[in-house]
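Please look at the strand pairing in the model shown here, with attention to how neighbouring strands are connected and which residues face one another across a pair.

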Amino acid sequence: MRTEEELARVLRTIAERAEHVDLLSGVVAKRRHRRRLRARVALASACVTILGWGAAAWWPSPPRPVVGTAAPAATVDQVWPRAVFTMPGRYRPLAAISATELLVWGEQGTIEVYDATTRRFTVVARLPQAPRDVAVGSDRVAWLAEDYVWVAPLRGRGAARRVGPVKGTSVDRVTLAGDHVAWSSPLDGVWRMKVDGGAPEKVAKGLQLLDWPWAIDEPLDIRTNPTRVVNLETGRTFRITPARGVEGLRCGPTWCLGMRDDDSVVQRIDGSQVRVRQGLRGHPYRDYPYKDRFFSGGMAIYDAQADRMVPFQAADGGWSEGQGVIFWRQSGQLRGVNLAAVPPAQ
Amino acid sequence: MEFEDFVRARGPALLRYGLVLTGNADDAADLVQEALLKLSSSWRRVRNKDDPEGYIRTIMARQHVSWWRRRRREQLTDEVPSPVREDEHDLREIWQRLRALPPKQRAVLVLRYYEQLADDEIAAILGVSPATVRSQASRGLATLRIRAQALIGRW
């Protein structure tokens with residue numbers, strides 16, 4: 001979470017980067033253009049044409065970085081040795097695919113699959129900027145760009161295909177659901193569409209997508225608690241009961257993270273198993289736990305199933321995360337933890 | 001002051017304001033020039049009676065909101081150089097989120113946190129009620145995952 005002061009600082013920083021433009025020449029050019037346009041419109045007035053201007057939203061493509069704070073003593077290497085990986089520093093992990101594979105962004109403008117066993121990379125698609133919202137299935141990847149979904153096979157040959165356009169304002173979550181891709185926006189609810197095209201279908205109003213088939217009535221106000229988690233396939237609803245005094249809960253189907261005064265609090269959605277686990281916080285984009293199990297923060301990963309806090313040691317204290325993958329720079333390489341490789345809790 | 005002198009003196013500040021309003025340099029220049037064109041046609045009246053800078057900033061905020069409602073984007077934003085470098089992770093993340101906000105929400109946040117205006121001043125500029133300003137700001141902040149001190153006062 002950020003503060004209003006940080007927002008003001010970001011705006012000032014960006015504003016200072018405005019480039020010099022010869023405004024007077026531009027104004028003069030616009031004035032001339034208007035005059036010419038008016039003359040042309042007058043000539044054409046007998047023949048009226050109606051132009052339909054379509055509104056176009058766009059989705060930018062930022063990375064999802066976060067910066068850690070305190071450095072605990074132990075490392076993740078001893079607890080989950082098979083989940084720790086190292087790869088060349090020119091890549092950035094986007095998401096965990098399986099226990100041995102990661103989806104990564106290459107600085108040459110590629111989405112690639114990294115196989116940690118063979119240490120080989122396979123190009124999936126080339127695009128101008130790293131995708132912001134990515135969904136990974138077992139055999140395909142989908143991402144949002146402009147107002148469309150792009151779908152590409154993870155293995156074998158096949159170009160990325162564009163489907164859509166997606167419906168909704170400020171769509172910020174996307175997930176693969178069998179032969180469908182589903183997405184949600186904070187204002188418009190959940191939609192889905194077949195990966196090979198077709199018309200978008202509205203699945204739920206007032207809900208935000210978790211991992212398919214789960215959705216939640218996550219409120220926009222970060223202080224407010226959601227009230228229910230819904231299985232969109234069965235329609236079954238599970239009530240969320242906040243533990244006493246806990247605010248801003250963000251939940252998966254089983255586990256939630258919220259705040260009580262200055263404490264980070266983990267609880268089950270029914271309000272049981274309340275645990276204070278300092279330093280945890282929501283992911284900047286997807287506040288729910290990865291695989292309904294893992295939270296992160298304070299340079300540690302918290303496994304809610306095992307009730308275990310597993311610290312990691314990022315060399316300079318800075319680390320980032322994708323879906324199910326946490327990583328940091330170390331001696332020019334990229335080192336990280338693939339949470340899909342963590343075995344089930346005992 | 002002549003119109004040309006005003007543009008030379010205040011142009012850079014207007015471009016800065018335009019950049020945070022629109023999200024990219026091309027749209028910012030377009031917005032400023034469009035607003036200056038309007039200002040130039042009423043310059044004699046405005047320079048003597050009113051505050052030209054306040055006047056043009058109001059034009060820009062309103063123009064920005066209405067443009068985005070009906071204007072087709074003729075170029076991909078990716079083709080316009082970003083003011084944020086690839087390695088400025090934190091800055092880039094919040095900037096991209098800000099750019100993706102609906103135009104009215106972004107305008108409210110810019111007026112509140114960049115222009116440092118009160119909600120009733122923002123309401124007057126955008127021609128909406130103060131309650132709408134508050135709700136737009138609240139939605140925008142929530143989407144940006146920003147702690148709103150005014151809303152929660154604690155974290």
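The report below takes two regions of chain A in turn and tabulates their strand pairs.

The model is a predicted one, and the pairings described here are read from its coordinates.

| Strand pair (chain A) | Sense | Bridges |
|---|---|---|
| β13 (residues 180–185) and β14 (residues 189–194) | antiparallel | 6 bridges |
| β14 and β15 (residues 197–204) | antiparallel | 4 bridges |
| β24 and β25 (residues 300–303) | antiparallel | 4 bridges |

In the first region, strand β14(A) takes part in two pairings, with β13(A) over 6 bridges and with β15(A) over 4 bridges. The connection from β13(A) to β14(A) is a hairpin that runs through 3 residues, and across this pair A:W183 is found opposite A:W191, which belongs to β14(A). A hairpin is likewise formed by β14(A) and β15(A), with 2 residues lying between them, and here A:K194 stands opposite A:G197 of β15(A). As background for reading such pairs, side chains in a regular strand alternate between the two faces of the sheet.

The second region is an open sheet of 3 strands in chain A, ordered β24-β25-β26, with antiparallel pairing. Its edges are formed by β24 (294–297) and β26 (308–311) of chain A, each of which pairs on one side only. From one strand to the next, the twist averages 25 degrees. Within this sheet, β24(A) and β25(A) are joined by 4 bridges, and the bridge partner of A:G297 is A:A300 in β25(A).

Terms used: Residues are numbered from 1 along each chain as its sequence is written. Chains are lettered from A and ligands numbered from 1 in the order in which they are written. This is a predicted model: local features need pLDDT of at least 70, side-chain atom pairs count only at pLDDT 80 or more; totals for chains, interfaces and linings use all residues. Side-chain values use heavy atoms; hydrogens and water are left out. Two strands pair if DSSP finds at least two bridges between them. Axes are lines fitted to C-alpha atoms, for helices over the stretch in contact, and angles run from 0 to 180 degrees between N-to-C directions.
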